Amino acid sequence: MGILAWIVFGLIAGIIAKFIMPGRDGGGFILTCLLGIVGAVVGGWLATMFGFGGDITGFDFRSFIVAVIGAIVVLAVFRMLRRN
């Protein structure tokens, strides 16, 4: 259930990341959601590696914040790569 929860968090986190970092990304809503999923999974993996994350089975606010931060980071990296 952990990875499914991160995917759901990622969908929502991608939308929130887009609201926090508005701009033209060239991919629309679907790309934003995919970047959110990637960001949530990467953020969850890193949080687990650093010891403040864990396997989630339901809604956890701390995990949701990690997913949003991960989505923002992935969106920022995507924008930097896209410019070059």
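This is a guided tour of one chain, moving from the overall fold through its helices to a core and a pocket.

The model is predicted, so local features are given only where pLDDT is at least 70 and side-chain atom pairs only at pLDDT 80 or more, whereas totals for chains, interfaces and linings use all residues. Residues are numbered from 1 along each chain as its sequence is written, and side-chain values use heavy atoms, with hydrogens and water left out.

**Whole chain**

Begin with a cartoon of the whole chain, which has three helices and zero strands and reads α-α-α along the sequence; here helices are DSSP runs of H or I with at least four residues, strands are runs of E with at least two, and both are numbered from the N terminus. Colouring by accessibility shows that 37% of the 84 residues are buried, where buried means under 20% relative accessible area, exposed over 50% and partly exposed in between, for a 1.4 Å probe and protein chains only. Of the contacts with a separation of 6 or more, 78% join residues 24 or more positions apart, a contact being heavy atoms within 4.5 Å.

**Helix α1**

Select Leu11, which lies in helix α1 and is partly exposed, with a relative accessible area of 35%. Leaving aside residues up to four places away in sequence, Leu11 touches Cys33 and Ile37, and its C-alpha atom is separated by 5.7 Å from that of Ile37, 26 residues apart along the chain. Next select Phe19, also found in helix α1, which is exposed at a relative accessible area of 67%; the C-alpha atoms of Phe19 and Ile72, 53 residues apart along the chain, are separated by 10.0 Å.

**Helices α2 and α3**

Now display α2, a helix of 22 residues that reaches 31 Å from its first C-alpha to its last, close to the 32 Å expected at 1.5 Å a residue, the expected span being 1.5 Å times one less than the number of residues. Its buried residues include Thr32, Cys33, Leu35, Gly36 and Ile37, and the helix is followed by Gly51, whose phi is positive, near 90°. Helix α3 has 23 residues and reaches 33 Å, close to the 33 Å expected; among its buried residues are Ser63, Phe64, Val66 and Arg79.

**The nonpolar core**

Select Phe9, Ala13, Ala17, Met21, Leu35, Ala40, Phe64, Ala67, Val68, Ala71, Val74 and Leu75 together, the twelve residues of the largest nonpolar core, which is a set of buried Ala, Val, Leu, Ile, Met, Phe, Trp, Tyr and Cys residues joined through side-chain atoms within 4.5 Å. The elements that give two or more residues to this core are α1 (2-20), α2 and α3, and the largest share, six residues, comes from α3. Centre the view on Met21, which touches Ile72, Leu75, Ala76 and Arg79, not counting residues up to four places away in sequence.

**The largest pocket**

Finally, select Gly39, Val42, Gly43, Leu46, Ala47, Phe52, Val66, Ile69, Gly70, Val73 and Val74, which line the largest pocket. The elements that give two or more residues to this lining are α2 (28-49) and α3 (61-83). By class, the lining has eight nonpolar, three polar and no charged residues, with Gly counted as polar.

Methods
1 Å grid on protein atoms, 1.4 Å probe; cavity = no way out; pocket = protein on both sides within 12 Å on 5 of 7 lines; lining within 4 Å.
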